[in-house]
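I keep these entries as a record of what I looked up, in the order in which I looked.

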Amino acid sequence: MQTGIDLLDRFIAHAMDIVMFPFDSQQRIFALYLACSVVIAFGIYLLSRRRGAQTEGGFLRFLFPKHVWQHPSAWLDLRYFFFHRIFGHFFILGLGAWFTVLPYKYITGTDQVVAKALENVTPPLSELGQSLGFMVVAVIVADLIGYVAHYLQHKSVFLWQFHKVHHSAEVMHPVSNYREHPVDNLFYITLNGFGYGAILGLATLVYGFTPSLPTLLGVPAMHLLFNVAGYNLRHSHIWLKWPGKLSMIFPSPAHHHVHHSCHPDHIDRNFAFMLPIWDVIFGTYHMPEDNRDVKFGIGKEDKGEFTSCARLYWVPCRDAYRVVRRRLRRKNGQAQAAAPQTPNVPAE
């Protein structure tokens, strides 16, 4: 009985944490990050007006256009945000930490990641330099792992059945970022957590202590800078790309808009999360001059089935089962075709 009460208490606390996302600096939709995106959007609005571009009324209409906020996909995102975050994430919340501890323990022999990271065993100035070095390496390696995971989510027919939930949004706003299937979350958490744990373990061997990332306002510095630089515009209708070669180095909302587009030229492009240079290196980078061909959604794959929270959960499971079933049938058919045929011997 007590176990059930404790579980209920943890669930209620978890649900309250979801409600408080706009006041939590660890979350993408933290009020400060949203406010920074609004300021950037206002600059884009003024620039558009100066260039004579057509806008839907004033700034508020530009920020909240009818074609986005009257679309059923936008409101499904809002419903799914609470449904998935409150229920789905309650059951997978600890897996990221577990997969981080696993390689760290294998490399260092201890699973006390947090305790080791908090130990102050070096002078502050020395620790700052080492922490900055660790941050640069961690961001580069973690982003490469994220690129590989994202690439596999698109290229594996099985994994795509779950990842396409995120791409099924036909219009985008900041909460669309959370339209993700739990199996998709599990796959990404597994690879990312395992990779980060390995980075921490190797850094511990090199430094002799477990470094912590430099923080600002209580969050990792790179995390804060990335979010205040307009992260929430990545999932929005507002197009912003950096000029020239800068778009190949620094992430822009346009980089991710192209990734979400179902135009033939945009499919399976721009997998990188923070460093577009991975797309440049591996030949998946694409950046058009404007967004005239950008159309969000999964195009021909959209059969009009993603219409409710429940369908966002079970339709990918059904489709993934069909993928496995087809492969097993094909494999069995090939095995039967390759098997030696017994000749028909006429009976005497």
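Entry 1. Burial and Asp 268. I count a residue as buried under 20% relative accessible area, as exposed over 50%, and as partly exposed in between. Asp 268 has a relative accessibility of 23%, so I enter it as partly exposed. The model is a predicted one, and I read every value below as computed from it.

I then looked up where Asp 268 sits and found it in the loop between H12 and H13. Its phi is positive, about 60 degrees, although Asp 268 is not a glycine. Which side chain does Asp 268 meet in a salt bridge? I found Lys 155, at 3.2 Å from N to O. Lys 155 belongs to helix H8 (residues 124-155), while Asp 268 lies in the loop between H12 and helix H13 (277-282), so the pair ties together parts that are 113 residues apart in sequence. I noted Lys 155 as partly exposed, with a relative accessible area of 43%.

Entry 2. Asn 270. I checked the loop between H12 and H13 again, since Asn 270 is placed there too. Asn 270 is a residue other than glycine with a positive phi, near 60 degrees. Is Asn 270 buried or exposed? I have it as buried, because its relative accessible area is 0%.

Entry 3. Helix H12. I went through the helix residue by residue. H12 covers residues 253-260, and eight of its eight residues are buried, so the helix is largely enclosed by the rest of the structure. The buried residues I listed are Pro 253, Ala 254, His 255, His 256, His 257, Val 258, His 259 and His 260.

Entry 4. Aromatic pairs. I found 24 aromatic pairs in the structure. One of them joins Phe 21 and Phe 81, edge-to-face, with 5.7 Å centre to centre and 65 degrees between the planes. What does this pair tie together? Phe 21 is in the loop between H1 and H2 and Phe 81 is in helix H5 (residues 72-92), so the contact connects parts that are 60 residues apart in sequence. I noted Phe 21 as buried at a relative accessible area of 5%. Phe 81 also counts as buried, at 5% relative accessibility.

I followed Phe 81 to a further ring, that of Tyr 178: the centres are 5.0 Å apart and the planes stand at 65 degrees, so I class this pair as edge-to-face. Tyr 178 comes from the loop between helix H9 (157-167) and helix H10 (182-207), and Phe 81 from helix H5, so the pair ties together parts that are 97 residues apart in sequence. Tyr 178 is buried, at 4% relative accessibility.

I also wrote down one aromatic cluster, formed by Tyr 147, Tyr 151, Phe 271, Trp 278 and Phe 282. A charge over a ring went on the same page: the charged end of Arg 28 sits over the ring of Tyr 231, 4.6 Å from the ring centre.

Entry 5. Salt bridges. Side chains of opposite charge can pair when their charged atoms come close. I searched the whole structure and found eight salt bridges. In one of them, Glu 180 and Arg 85 meet through their side chains at 3.8 Å, N to O. Glu 180 is in the loop between H9 and H10 and Arg 85 is in helix H5, so this salt bridge ties together parts that are 95 residues apart in sequence. Arg 85 is buried, with a relative accessible area of 12%.

I next looked up Asp 319, which forms a salt bridge with Arg 318; the closest N and O atoms are 2.9 Å apart. I have both Asp 319 and Arg 318 as buried. Which residues are linked in a network of salt bridges? I listed Lys 164, Glu 305, Arg 318, Asp 319 and Arg 322.

Entry 6. Surface patch. I turned last to the nonpolar surface. Val 19, Met 20, Phe 23 and Phe 82 make a nonpolar surface patch of about 410 Å². I placed Met 20 in the loop between helix H1 (2-19) and helix H2 (31-50). Met 20 counts as partly exposed because its relative accessibility is 40%.

Methods. Residues numbered from 1 in each chain as written. Predicted model: local features only at pLDDT ≥ 70, side-chain atom pairs only at ≥ 80, totals over all residues. Heavy atoms only, no water. Patch = residues over 30% accessible without salt bridge, like charges linked within 9 Å, V, L, I, M, F, W, Y side chains within 5 Å. Areas by Shrake-Rupley, 256 points an atom, 1.4 Å probe, with all protein chains shown as cover. Salt bridge = Lys/Arg side-chain N within 4 Å of Asp/Glu carboxyl O. Helix = DSSP H or I, 4+ residues; strand = E, 2+ residues; numbered from the N terminus. Buried < 20%, exposed > 50% of the residue type's maximum accessible area, 1.4 Å probe, protein only. Phe/Tyr/Trp six-rings, centres within 6.5 Å; stacked < 30°, edge-to-face > 60°. Lys NZ or Arg CZ within 6 Å of the ring centre and 35° of its normal.
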